[in-house]
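Biologist: I would like to learn how to read a structure of this kind, one feature at a time. Could we look at it together?

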Amino acid sequence: MDRPANHRVLNRFFEKPGFKRLANQTIEALLPLASVPLALIIGAFMLLALNVNPLTAYGALINGVFGSTFGLTQTLVDATPLLLVGLGVVIAFRGGVLNIGGEGQITVGALAASAAALTLNQWPAYALIPTCLIAGALAGAVWGGIPGFLKARLGVNEILSTIMMNSIAQQFSLYLLTGPMLDPSEKAAGTSIAQSALLPKASWLPTLVPQTLLNAGTILAVVLAIFVYVFMWRTTIGYRIRAVGLNPDASRYAGINVRLYQMLALTLGGLFAGIAGAVQVMGVQRRMMDGLSGGYGFTGIVVALFGQLHPLGAIPASILFGGLLVGSDQMQRTTQVPSAIVDVLLGMIVLFVVSSVIWSRYRARRRQTHV
Amino acid sequence: MSDLFTLSVLMGIIVSGIRLATPYLFAAIGETFAQTSGVLNLGVEGIMLMGAFSGFYIASTTGSLWLGLLTAAVVGILMGLLMALVSVTLQAEQGISGIGLSLFGLGLSSLLFEKTIVSVVAISGFQPIRIPILGNIPYIGDALFDHSILVYAAFLLVPLSIYVLNHTPIGLKIRAVGQNPQAADSLGISVAKIRYLTVSFGGMMAGIAGASLSLALIDLFQENMTNGMGYIAVALVYFGGWNPLGVLGGSLLFSFVNAFQLWLQVKGVQIPSNIALMMPYVLTIVALAFAANRARQPTALDKPFERGES
Amino acid sequence: MKPVVFRVSLLAVIATMLLAACAPAAAPATPTAAASASVFKIAVVFPSAHNDAAFSQSMYEALLTVQKDMGGPSKVEIAYSENLFNVPDAAAAIRDYASKGYNLVIAHGSQYGTSLEQIAPDFPKTAFAWGTSLDTFQEAGINNVFAYQADAEQGGYVQGVMAAMLSKSGVIGITGPVEAGDAKLYVDGFKQGVLATKPNDKVNITYTGSFSDVSLMAAAATTQIQNGADVLTGSSQSVVGAIGVCKDKNVLWFGQQWDQASLAPSIVVSSQVYDWVPTLEDMIALVQKGVLGGKGYTLTFANKGLVIQYNPSYTVPADVKSAADAATQGIIDGKITVQP
């Protein structure tokens with residue numbers, strides 16, 4: 001394993017760049033950014049076909065994010081689970097495994113955090129909040145660790161197992177929410193909506209801006225992003241995970257237990273998605289309900305990629321996608337286009353992003369590995 | 001509970017299982033070709049939805065089911081070409097482009113549905129065809145030989161694709177491109193051409209898989225009607241170890257278990273429905289974990305190829 | 001190659017920015033008092049698609065009827081956002097509609113309650129409504145929230161009575177989505193109706209664990225029919241899959257939440273339809289008088305919010321029809337009580 005060479009690719013954000021390299025890096029960083037307007041231009045033609053003025057629509061999109069305190073804070077609220085899931089995807093991806101089990105890991109993380117909060121409802125906030133977060137993280141880690149174990153020990157492909165684990169988590173959640181965890185007041189009223197009771201106030205994450213949903217979970221996510229950066233680039237374990245991802249054969253030759261580190265990468269991926277679930281119940285929803293994962297498990301993968309598979313890059317990427325989610329909903333409301341167009345736009349943005357980002361990343365990596 | 005293990009229940013499981021397995025088979029066999037050549041297409045879900053919608057729209061406006069099926073196939077090819085453009089020419093990360101394609105297909109099919117058909121309507125789809133002689137065998141005839149043409153086609157696809165992949169020059173090229181693109185390239189095989197071919201074939205099959213729902217099994221279109229089937233189909237390719245026979249086994253196992261858990265519920269067996277509903281997913285993982293001799297993944301799977309390197 | 005792509009992209013960025021900057025400031029958010037505008041503005045937030053052939057569509061069509069009755073789009077303006085199963089997104093939508101001066105903002109999903117309780121106090125001049133629930137949050141000091149629910153078990157009971165009389169095999173199947181909420185109420189009521197009529201009939205229930213899995217819903221219906229059921233019913237938007245199977249096998253079907261006769265005119269006997277029109281009209285009248293909430297509505301047979309809509313293409317035998325009418329009357333009179 002040729003460490004110095006790879007070191008250069010992976011640390012290109014933090015090294016002293018020469019002029020030419022700086023130019024290259026600027027282009028590589030800006031390419032994905034350009035894909036958003038490209039998708040929006042194609043979207044403009046679709047809006048015209050729907051008899052909607054694209055200027056009005058996109059004006060509303062921007063206004064939805066920047067036009068009010070609520071829009072700005074909501075962008076960060078949506079960015080938070082995206083960042084947390086994205087961090088997990090970064091670790092897994094750097095370890096050479098694709099974690100598409102985010103949806104299920106968010107769900108079990110949220111279930112565990114809610115269960116802890118509802119059981120320990122007499123505890124004070126300073127003890128309950130960390131306990132709930134840890135419960136969510138552990139549940140997510142287990143949900144990610146099972147595919148990791150199956151891959152390491154029994155050779156079960158992680159794409160298969162994480163897809164299946166998403167469905168299992170969904171049914172498991174419905175089982176708990178219609179049975180053991182069903183809100184007693186729902187049972188009493190006879191309505192039986194599949195949701196848990198309201199979590200005790202002591203478990204609520206502190207609100208940062210009054211009358212908005214912005215909560216301390218956002219700060220936690222940013223701190224964790226820095227932590228992941230340090231972990232992946234400044235510790236031996238992190239280095240080995242990256243080594244396994246870059247070149248499993250060379251790593252094996254160098255004496256690294258490839259399977260163990262891939263399992264670890266999937267487990268850590270689940271852990272961060274689990275925290276995302278805990279933050280969603282404790283900071284935003286304040287009760288567990290069906291459909292809590294809300295697609296963040298998939299969009300988080302895109303965020304990780306958009307952030308160049310770097311934990312710090314994932315921070316602006318998550319804000320951008322949070323803004324897109326918030327702004328495109330505003331666009332739908334202002335122009336009354338079918339909300340499906342939001343999916344179309346996001347899908348196109350992902351396709352454009354992925355075409356540009358990885359294109360430049362692979363080029364950079366090839367420059368390294370084949371010199 | 002005791003009346004659960006009867007011949008009629010078994011036949012019932014087979015009938016439902018075969019119907020449930022049909023869309024998975026189409027989509028997963030198509031995906032097998034793409035993956036064997038080295039391309040992971042996670043966009044099957046979106047392609048299925050576009051196929052389901054376009055097939056239904058054309059069939060309901062022209063009155064021709066075959067024209068609808070053809071449209072679904074063409075739309076599937078177009079979506080496949082889009083995936084190939086992104087993942088082969090632009091060398092994008094395949095798993096993530098697939099997620100983008102799925103989102104795009106989900107949105108576009110819903111959008112077009114709202115703007116054209118507006119509200120759920122049903123059509124008369126492909127009718128079951130009872131095969132002469134075989135169809136008259138007691139029990140077995142009803143279970144195996146009284147299905148619509150698309151169901152038979154899905155199952156006939158299995159031996160056909162085994163033959164193509166293992167015994168034809170094109171099949172050899174597909175496998176070569178997936179195992180060692182550099183070597184294949186040096187032998188004069190165009191890696192890009194083969195991958196475009198397999199991914200658009202996979203797209204066509206996913207489009208037909210969607211149409212099998214909207215034109216033969218459910219006979220209507222509803223927004224997001226595939227409900228994650230495309231992802232399960234991709235998982236079944238891994239289950240089958242890139243072998244159409246294994247894919248068939250996986251599709252049938254998943255579908256039979258799903259049909260079985262419905263029987264558990266119908267017969268009033270005392271387990272919560274959500275626990276019963278987990279069974280197909282759990283058993284698919286468990287079955288794969290205990291199946292010995294895992295097939296070797298195509299070496300170049302999920303890795304873009306650029307000419308002239310190394 | 002790359003610089004070209006870059007330049008084109010950069011141009012695109014700049015062009016978009018310029019266009020966006022020139023765009024007229026979108027949707028001037030001027031919160032207007034409820035009574036000041038001559039146009040009554042209603043916004044509704046749906047958890048599923050507005051055309052889901054079930055719960056959301058029943059509300060959407062009622063809104064269109066109200067709009068027509070009150071004089072068309074020039075008198076009543078309707079805006080909607082759909083597929084907002086993600087509650088924070090729905091909460092943002094509710095808040096946004098309120099800030100844009102909509103007179104009545106409807107949160108059409110019971111999962112939105114917690115959010116609404118937080119939003120409503122910030123917009124004291126806007127009326128909100130949500131369902132299915134009866135909690136108007138008045139105990140929490142909130143006076144601008146209406147609540148509504150449907151006693152789905154009532155229609156379930158009446159259709160159960162008819163199902164028992166129409167079934168020859170004595171086996172009746174129910175295909176539900178998730179054992180919760182509105183679906184559970186309907187299923188429980190239906191079962192009571194069957195067993196009250198024919199205590200020895202068998203009612204088998206299957207759940208698919210999903211509101212949208214059409215394929216598994218079709219398989220569930222197939223399984224029920226193979227098990228001997230000759231009358232089926234079910235709930236959620238995914239039952240369209242089950243209705244198709246019933247049509248092929250010529251098995252009777254009872255619809256729920258929306259008139260499903262058009263999907264299979266030959267086999268749909270009747271549908272329990274939610275008529276939100278009287279509820280909406282009452283709410284609008286109150287809002288126009290300055291009362292912005294505090295009232296809970298329940299759709300029942302008694303207040304004509306629940307209607308058994310018979311399929312004109314299917315002839316219901318006279319004795320079945322009269323038994324259904326008797327059951328309906330019994331529920332209205334309180335002689336029959338259906339346990340929710």
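Biologist: Let me begin with a single residue: does N274(B) count as buried or exposed?

Modeller: Please keep in mind throughout that this is a predicted model. N274(B) counts as buried, because its relative accessibility is 3%, and the cut-off for that word is under 20%.

Biologist: Where in chain B is N274(B) found, and which residues does N274(B) touch?

Modeller: N274(B) lies in helix α12 of chain B, which covers residues 273-290. Leaving aside residues up to four places away in sequence, N274(B) touches Q171(A), L174(A), Y175(A) and T178(A), together with G209(C).

Biologist: How should I read the contact between two whole chains, and what is the area buried between chain B and chain C?

Modeller: The size of an interface is often given as the accessible area lost when the parts come together. Between chain B and chain C the buried area is about 2600 Å², and carbon and sulfur atoms give 53% of this area. Q222(B), L262(B) and V266(B) supply 21% of what chain B buries against chain C, which is more than any other three residues supply. In terms of residues, 32 of chain B are in contact with 38 of chain C.

Biologist: How many salt bridges and how many residue pairs in polar contact are there between chain B and chain C?

Modeller: The count of salt bridges between the two chains is zero, whereas seven residue pairs are in polar contact, with both residues at pLDDT 80 or more. On the side of chain B that touches chain C, the helices α1, α4, α11 and α12 each supply at least two residues, and α11(B) gives the most, with six residues.

Biologist: Now to the sheet: in what order do the six strands of chain C stand?

Modeller: Strands of a sheet pair through backbone hydrogen bonds, either parallel or antiparallel. In chain C the six strands form an open sheet in the order β2-β1-β3-β4-β5-β11, and the pairing is parallel. Strands β2 and β11 of chain C stand at the edges with a single partner strand each, so one side of each is left without a neighbour in the sheet. From one strand to the next, the twist averages 20°.

Biologist: How many bridges join β4 to β5 in chain C, and which helix packs on the sheet?

Modeller: Four bridges join these two parallel strands of chain C, and in one of the pairings A129(C) has F146(C) in β5(C) as its bridge partner. Helix α3 of chain C, residues 87-99, packs on the sheet and touches β1, β2, β3 and β4 of chain C, while its direction makes about 175° with that of β1(C).

How values were computed: Residues are numbered from 1 along each chain as its sequence is written. Chains are lettered from A and ligands numbered from 1 in the order in which they are written. This is a predicted model: local features need pLDDT of at least 70, side-chain atom pairs count only at pLDDT 80 or more; totals for chains, interfaces and linings use all residues. Side-chain values use heavy atoms; hydrogens and water are left out. Buried means under 20% relative accessible area, exposed over 50%, partly exposed in between (1.4 Å probe, protein chains only). Contact means heavy atoms within 4.5 Å. Two strands pair if DSSP finds at least two bridges between them. Axes are lines fitted to C-alpha atoms, for helices over the stretch in contact, and angles run from 0 to 180 degrees between N-to-C directions. Buried area is the accessible area (1.4 Å probe) that two parts lose on being put together, summed over both. A salt bridge is a side-chain nitrogen of Lys or Arg within 4 Å of a carboxyl oxygen of Asp or Glu. A polar contact is a pair of N or O atoms within 3.5 Å; within protein, one must be able to donate a hydrogen and the other to accept it, and residues adjacent in sequence count only if both atoms are side-chain atoms.
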